[in-house]
Structures are given as structure tokens and as C-alpha cells.
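Grab a pencil and work through these exercises with the structure open beside you. Try each task before you read its solution.

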Amino acid sequence: MVYEAAQIGGRLRTASFPSAPGVVADLGGMRFPVSGRAFYHYVDLLGLDTQDFPNPLAPVTSSTVIELAGQKHYAESAEDLPSFFREVADAWKAAVNDGAKFAEMQEAIRIRDTGRIKELWNELLPLMDEQTFYGFIAGSESFKEAGFAHREAFGQVGFGTGGWDTDFPNSILEILRVVYTDADDQHRLISGERNGCPRHYGSTRRRAWPTGRRERPWRRSTPARPAGLWAGSAAMPMATSGSGSAGAAKPATLRW
Ligand SMILES: Cc1cc2nc3c(=O)[nH]c(=O)nc-3n(C[C@H](O)[C@H](O)[C@H](O)COP(=O)(O)OP(=O)(O)OC[C@H]3O[C@@H](n4cnc5c(N)ncnc54)[C@H](O)[C@@H]3O)c2cc1C
């Protein structure tokens, strides 16, 4: 926070434009999963406002368009999409459950059983350390059974924030780290300037922190997980069009 002496924010910097001061653009982070408790601890402490981020097919997103090989699908909710996309979502859910003990790991995280988390992770490391995301998908029984079209569509439309096929060469462990902790879904944005958090922190860091727990307004307004097609932790909402930086009224950006 001191390297760029003239500005503060690091990779959470938000820029505005002299000719349109009300319009802001995120140059770095813009969506923050509600599972990030430490992050929201500081958001809350600083009294910053948050809103639902319009991810693809999120309840707050007015519409989502998926275009694959020239074929467009318009959806206002997951139920509007053809069953093919449900099959892709199911194949992903089965792949992480069969190959990476997804449900078990999430339960261990939920109950904060660090011993069990380590045990599960230690089992995965020798199996997955050299495994790519694509190798994991291609090797899973569920995607083998579903076929290549499902695998390709998965890469294009992905989960949470959109298509993840640019991550196919990366280690599956990196992807698991994200999806185990629900960092891929249920995002919120910070209203106004996204670098508000580091900036406000910079200006308040010398003050004594308030004691005791405070209510978290963002939690009160956070919706429960949607009960639709991609409900559940291995959720896979689809990539769409548009940009979500300016707020919930606009459709979603693909991903960070
Ligand atoms: C394009 C992009 C999109 C992203 N999208 C998201 C998103 O949607 N959601 C999300 O949660 N995360 C996102 N991220 C990641 C997120 O921005 C980072 O995880 C987060 O900013 C890390 O915070 P930090 O304070 O650890 O590091 P930084 O934000 O990188 O801050 C480190 C600061 O330290 C300074 N510094 C470095 N070395 C020195 C030194 N030797 N001396 C003095 N100062 C130094 C740097 O200049 C910088 O200001 C995104 C990142 C990028 C680049």
C-alpha cells in the first residue's frame, strides 16, 4: 500500500473518469464471495455498502445469454436453459464429488474440522499434484460418459463467474481450492469505489478498533443460495454478456 506513493489500493484499485465522474471501473478485484469472512470483517468494520454481484444466472441478474457455436440461449433463470446445460452441471458436480471428495471437504470446512480438512487434502496431493484441470475433467467418469460436447461446453461456460477453460492447463488443486471454499459463487460488490476498503483502512488504521461484535448489514441483505439449477456448492452458472462493474442492474462480466 506504500509502493505506489501517489495512490492506494494495490490490485483493488478503482478508477473514475474526469468526463464522467459518476462512472467507475475496477482495474482489479470487483466481486467478493460471501464465504470470504475475513474480507467482510474489514468491509463491515469500515462500514462499506455492498450489493449482490450480477453473476450469470444470479437472482439479481436480469438476463443471461449463452452463445455457443453460433447458437444463442437467452435465460432469465437457470430453468429457462435446455437440459443439456443441466447435464453439464451435473457432470461437473459428479466429477468433483467422485474425484475430489467435494461434499466431504465442504462439510469439514463448514464445521471447521481442520484435522479432517488436512487429512482430505493430504490424500489428494499425491494424486492431483501433477494433474491439470482439463486432465481432471477429461478423466472423470461423469464427463467420459457425458461426452466431448459436454466437456467443451463446460470449458466455455464454466461455473460461478463464467468460462474457466483458460485455466484448463492449471493444476486442478488451484481450482479445488476455489470451489471448496465457495469462492466461485455468491459474490457481492462494494458500492461505489472498490478500492474503498484499502483506502478507508489506510485512513482509519491508527484509530482503535471497536470492541465487540457488530452486526453485518451485508449479511442481512445476502440472499440464500438460489434453489434453482445451479444451487449447491459445485454450482455452475453460465457465462454471459455485459459488465457488472457499475452495479446490479447490468448483466454479468465473465470472470475475474
Ligand atoms: C485483474 C484482476 C482482477 C481481480 N479480481 C478479483 C475479484 O473479482 N475478486 C477478488 O477477490 N480478487 C480479485 N483479484 C485479486 C485481488 O485483487 C488480490 O487478491 C488482492 O488485491 C490482494 O491484496 P493484497 O493487499 O494482498 O495485495 P495487492 O492488492 O497486490 O497490494 C499489495 C501492495 O503492496 C505494494 N508493494 C509490493 N511490494 C512492495 C514493496 N516492496 N514495498 C512497498 N510496497 C510494495 C504493491 O504495490 C501493492 O500496492 C483480482 C486481481 C486482478 C489483477
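Before the first task, you need to know what an axis is: a line fitted to C-alpha atoms, for helices over the stretch in contact, with angles running from 0 to 180 degrees between N-to-C directions. Keep in mind, too, that this is a predicted model.

**Exercise 1. Two helices that cross**

Work out how H2 and H7 are oriented relative to each other, and which residues meet there.

Solution. Start by finding helix H2 at residues 83–100 and helix H7 at residues 148–157. Their axes come within 9 Å and cross at roughly 85°. Angles of 65 to 115 degrees count as roughly perpendicular, and therefore H2 and H7 are roughly perpendicular to each other. Next, look at who meets whom: H2 brings Glu-87, Val-88, Ala-91 and Trp-92, while H7 brings His-150, Ala-153 and Phe-154. Finally, sort the residues of this contact by type, and you get 5 nonpolar, 1 polar and 1 charged.

**Exercise 2. A small sheet**

Find the order of the strands in the open sheet that contains E7, and say which strands sit at the edges.

Solution. First, check the partners of E7, which covers residues 187–190. Strand E3 (residues 32–33) is joined to E7 by 2 bridges, and the two run antiparallel. Strand E4 (residues 50–52) also pairs with E7 in the antiparallel sense, this time over 3 bridges. Put that together and the 3 strands form an open sheet in the order E3-E7-E4. E3 and E4 are the edge strands, since each pairs on one side only.

Now match up individual residues. Phe-32 has Arg-188 in E7 as its bridge partner. Gln-51 is partnered by Leu-189, and Thr-50 stands opposite Ile-190.

Last step: which way do the residues of E7 point, and are they buried or exposed? In a regular strand the side chains alternate between the two faces of the sheet. Here, His-187 and Leu-189 point one way, Arg-188 and Ile-190 point the other way, and all are buried.

**Exercise 3. Sizing up a helix**

Compare the reach of H4 with its expected span, then say how many of its residues are buried.

Solution. Helix H4 runs over residues 114–128, so count 15 residues, and take the expected span as 1.5 Å times one less than that number. The expected value is 21 Å, and the helix reaches 20 Å from its first C-alpha to its last, which is close. For burial, the count among the 15 residues is 0, so H4 is hardly covered.

**Exercise 4. Two loop residues**

Decide whether Thr-132 and Gly-163 are buried, exposed or partly exposed, and find a residue that lies across from each in space.

Solution. Thr-132 is in the loop between H4 and helix H5 (133–139). A residue needs 20 or more neighbours to be buried and 12 or fewer to be exposed. Thr-132 has 18 C-beta neighbours inside 10 Å, so it counts as partly exposed. Its C-alpha atom is separated by 5.5 Å from that of Pro-169, although the two are 37 residues apart along the chain. Beyond its neighbours within four places in sequence, Thr-132 is in contact with Phe-168, Pro-169, Asn-170, Ser-171 and Ile-172.

Gly-163 is in the loop between H7 and helix H8 (172–180). It has 19 C-beta neighbours inside 10 Å, so it counts as partly exposed as well. Ala-153, which you met in H7, is 10 residues away from Gly-163 in sequence and 8.7 Å away in space, C-alpha to C-alpha.

How values were computed. Residues numbered from 1 in each chain as written. Predicted model: local features only at pLDDT ≥ 70, side-chain atom pairs only at ≥ 80, totals over all residues. Helix = DSSP H or I, 4+ residues; strand = E, 2+ residues; numbered from the N terminus. Pairing = 2+ DSSP bridges. Parallel < 35°, antiparallel > 145°, perpendicular 65-115°, else oblique. Contact = placed C-beta atoms within 7 Å. Nonpolar A, V, L, I, M, F, W, Y, C, P; charged D, E, K, R; others polar.
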